[in-house]
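Open the model in your viewer and keep the residue selection panel at hand. The tour below goes from stop to stop and says what to select at each one.

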Amino acid sequence: MDIRSITDEAGRRQAFALFREAMLGIGDLGRSSPEAEARFLRDGKPFGGYEGDVLRGVVNGYDSSVILPGGERVSHLSVTHVGVSPEASRRGIARRLLADQLHRARADGYVVAGLRASDPRIYGRYGYGVASWSVRQDIDLTRTRLAAGTSREGIRIVDARESFELFRKIADTDPKPRAATLSRWDGWWSMQEYRTAHGTTPHHAVVFGQQGRERGFLRFHVEPSENWFTSSRRTVIVDDLVAHDGEAWRALNGHLFGQDILHRVVFPSRPVDDPLPLLLDNPRALEISDQRDESWIRPLDLKALLSARRPGGTRDVILAVEDDLFPENAGIWSVGPAGAVKSPGKPAVSVTISDLATLLFGAQSAAHLAASGRLVADCEGAVEDLDRMFETSRKPHSGISF
């Protein structure tokens with residue numbers, strides 16, 4: 001098996017075709033829009049596994065960055081398009097590709113890699129840990145109103161197809177994004193444009209804020225219905241919601257309540273601690289379901305990650321970190337308010353690199369990890385020290401797939 005970078009357009013298209021073949025449920029973007037496919041693939045970093053000249057497997061990645069608790073941003077390789085030809089499955093090809101990709105990413109200076117898992121049983125073995133969770137929210141608008149009035153001033157309806165440059169600017173200038181929020185690369189935006197242009201039902205969008213100083217946007221589309229006009233469950237699906245502050249968030253949600261024709265709104269992906277129930281006078285009209293893993297993060301340069309994470313608390317904690325792929329990350333670390341350094345001391349806590357990612361992003365507390373046996377504490381008070389060190393005011397959430 002020869003693993004090599006794929007740099008030419010024809011090779012990228014072939015690699016994407018193999019990925020679609022492996023996944024079964026993905027349509028042929030190149031057939032419907034070669035231009036959209038070319039833009040989508042242009043900035044990727046695909047690697048192929050070849051037997052001679054025959055492509056057997058592929059893995060791709062896009063350059064981005066991710067927000068840590070505390071507000072620091074670190075380099076992030078967005079891993080995607082992992083697939084093996086059905087006739088070559090179960091031969092270790094994906095394993096070799098994924099491990100090789102991680103080593104190259106660290107050599108290229110990425111602090112972390114991240115992905116959305118098609119199967120959550122796969123990626124822990126490569127050191128990925130769940131760094132954020134999401135929930136689905138369904139609001140029955142016929143059973144509730146806003147608990148407090150929300151001004152419609154500042155809301156502006158825009159063309160959902162023609163306003164992506166504005167959406168991108170608003171997303172890129174969010175002053176206080178949640179931990180796990182990703183910077184969105186050109187190929188990601190191109191896919192949103194394609195889906196909006198080729199959707200089978202109407203797409204809509206509004207922005208909030210003075211023109212030129214917008215502070216949020218909302219994109220949504222109509223759920224298919226046999227007869228929209230006579231339906232008793234007229235529903236819209238929220239595709240994207242970015243709000244820079246509470247006022248923008250209330251106004252954008254309030255816009256949905258102002259649509260008298262609607263019966264129901266679905267948010268497919270929201271934070272587990274989203275304050276939406278507090279916005280409603282009848283919180284029972286909101287159904288919260290389908291909690292699932294969202295961001296999977298793999299630390300590549302642990303020293304850089306720990307230094308950027310800005311631990312709180314007042315005391316250092318000595319960690320024993322297990323990492324089978326990167327000896328540079330494995331070993332004994334002293335972590336505290338001053339940063340992180342390798343240490344000759346006796347460890348108070350033992351943890352794998354994947355569970356450390358979960359802890360660093362705030363997806364789970366040290367107490368929960370210890371209760372489940374994923375973190376082993378050999379010193380009294382160490383778990384409490386870790387929770388003070390990595391405390392977060394908001395749960396991590398990205399809100400996008402790729």
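This is a predicted model.

**Stop 1: the second largest pocket**

Start with α9, residues 353-361. This helix gives three residues to the lining of the second largest pocket, the largest share from any element. Add β6 (129-130) and α10 (366-371) to the selection, since each of the three elements supplies at least two residues of that lining. The pocket has a volume of about 290 Å³. Of its 16 lining residues, V130, W133, D355, T358 and R374 are the closest to the centre. Show these five as sticks to find the middle of the pocket. What classes of residue make up the lining of this pocket? Six residues of the lining are nonpolar, seven are polar and three are charged.

**Stop 2: from α9 to α8**

Keep α9 selected and add α8, residues 302-309. The axes of the two helices are 12 Å apart and meet at an angle of about 20 degrees. Because angles under 35 degrees count as roughly parallel, α8 is roughly parallel to α9. The crossing of α8 with α9 is left-handed. For the contact itself, select L302, L305, L306 and R309 on the α8 side, and I353, L356 and L360 on the α9 side. By class, this contact holds six nonpolar residues, one charged residue and no polar ones.

**Stop 3: α6 and α3**

Clear the selection and pick α6, residues 186-197. Then add α3, residues 34-42. How far apart are the axes of α3 and α6? They lie 7 Å apart, and the packing angle is about 155 degrees. Angles over 145 degrees count as roughly antiparallel, and α3 and α6 are therefore roughly antiparallel to each other. α3 passes α6 in a left-handed crossing. From α3, the residues in the contact are A36, R39, F40 and R42. From α6, they are D186, G187, W189, S190, M191, E193 and Y194. The contact of α3 with α6 has five nonpolar, two polar and four charged residues.

**Stop 4: α6 and α5**

Leave α6 on screen, hide α3, and select α5, residues 164-172. Here the packing angle is about 135 degrees, with the axes 11 Å apart. α5 and α6 are therefore oblique to each other. The crossing of α5 with α6 is right-handed. In α5, pick out F164, F167, R168 and A171; these meet D186, W189, Q192, E193 and T196 in α6. By class, the contact of α5 with α6 has four nonpolar, two polar and three charged residues. Now look again at D186, W189 and E193 of α6: they meet α5, and they also take part in the contact with α3.

**Stop 5: the largest cavity**

The last stop is a cavity. How many cavities of 30 Å³ or more does the count give? The count comes to one. The volume of the largest cavity is about 60 Å³. To see its lining, select R12, A15, F16, L41, P46, V58, N60 and H81. Then colour α1 (9-23) and β3 (54-67), the elements that give two or more residues to this lining. The largest share, three residues, comes from α1. The lining of the largest cavity is made up of five nonpolar, two polar and one charged residues.

Methods. Residues are numbered from 1 along each chain as its sequence is written. This is a predicted model: local features need pLDDT of at least 70, side-chain atom pairs count only at pLDDT 80 or more; totals for chains, interfaces and linings use all residues. Side-chain values use heavy atoms; hydrogens and water are left out. On a 1 Å grid over the protein atoms alone, a cavity is a set of points where a 1.4 Å probe fits but cannot get out, and a pocket is an open set with protein on both sides within 12 Å along at least five of seven lines; lining residues have an atom within 4 Å of a point. Grid points are joined across faces, edges and corners, and a volume is the space filled by probe spheres set on the points. Helices (H or I, at least four residues) and strands (E, at least two) are DSSP runs, numbered from the N terminus. Ala, Val, Leu, Ile, Met, Phe, Trp, Tyr, Cys and Pro count as nonpolar, Asp, Glu, Lys and Arg as charged, and the others, Gly among them, as polar. Axes are lines fitted to C-alpha atoms, for helices over the stretch in contact, and angles run from 0 to 180 degrees between N-to-C directions. Angles under 35 degrees count as roughly parallel, over 145 as roughly antiparallel, 65 to 115 as roughly perpendicular and the rest as oblique. A crossing is left-handed if the near helix is turned anticlockwise from the far one by less than a right angle, and right-handed if clockwise. Contact means heavy atoms within 4.5 Å.
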